[in-house]
Amino acid sequence: FKNEQKLHTSRTVILSADRFRYKLEIREATLDDICQIKAEAKGLSTTANLIVLEKDPYFTVKLQDYTAVERDEIILECELSKDVPVKWFKNGNEIIASKTVSMKVDGKRRILTIKKADTNDKGDYECACATDKTKAAVNIEA
């Protein structure tokens, strides 16, 4: 039982028995699955609280290396598993928005745009959240 409602086998709920052992498997658990589980057999019952922990955010789409020609616009994009704050870095130093550099949030996507690239924009770029990061090299050709 899940919160007093009888469970049935489905794509995400697997019920199995092996002699004296009964097993409940919940696949692809989400925060909606937090509940009290109850098992009954031959007049006996036991309960347990199901706790689901949120997975740490991670990059689902990583940055890609980028080669641009001087005065081109450079766009670096990545995507996270959930909407969390990020910081952008170039050669290990945090990037601050300016007239030529902008940082945009579009749902779970993070976009760094450099307008009118020049040779000073060449380097290693990183987008980092608290639990993951992704890197790309940017090269500028004359």
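Eight nonpolar, three polar and one charged residue make up the lining of the second largest pocket in this predicted model. That pocket takes up about 160 Å³. Its lining can be listed in full: Leu-24, Ile-26, Ala-29, Ile-37, Lys-38, Ala-39, Thr-46, Thr-47, Ala-48, Asn-49, Leu-50 and Val-52. Three strands, β2, β3 and β4, each hand over two or more residues to this lining. Of these, β4 chips in the most, with five residues.

Now for the largest pocket. Here the space comes to about 430 Å³. The lining counts 16 residues, and those sitting closest to the centre of the pocket are Leu-15, Tyr-22, Lys-38, Ala-39 and Glu-40. Sorted by class, the lining of the largest pocket holds 10 nonpolar residues, along with two polar and four charged ones.

As for where this lining comes from, four strands each put in at least two residues: β1 (13-18), β2 (21-26), β3 (35-41) and β4 (44-50). The biggest contributor to the largest pocket is β3, which supplies five residues.

Some names turn up in both places. Lys-38 and Ala-39 are among the residues closest to the centre of the largest pocket, and Lys-38 and Ala-39 also appear in the lining of the second largest pocket. The strand β3 likewise gives at least two residues to the largest pocket and two or more to the second largest.

Technical notes
Residues are numbered from 1 along each chain as its sequence is written. This is a predicted model: local features need pLDDT of at least 70, side-chain atom pairs count only at pLDDT 80 or more; totals for chains, interfaces and linings use all residues. Side-chain values use heavy atoms; hydrogens and water are left out. On a 1 Å grid over the protein atoms alone, a cavity is a set of points where a 1.4 Å probe fits but cannot get out, and a pocket is an open set with protein on both sides within 12 Å along at least five of seven lines; lining residues have an atom within 4 Å of a point. Grid points are joined across faces, edges and corners, and a volume is the space filled by probe spheres set on the points. Ala, Val, Leu, Ile, Met, Phe, Trp, Tyr, Cys and Pro count as nonpolar, Asp, Glu, Lys and Arg as charged, and the others, Gly among them, as polar.
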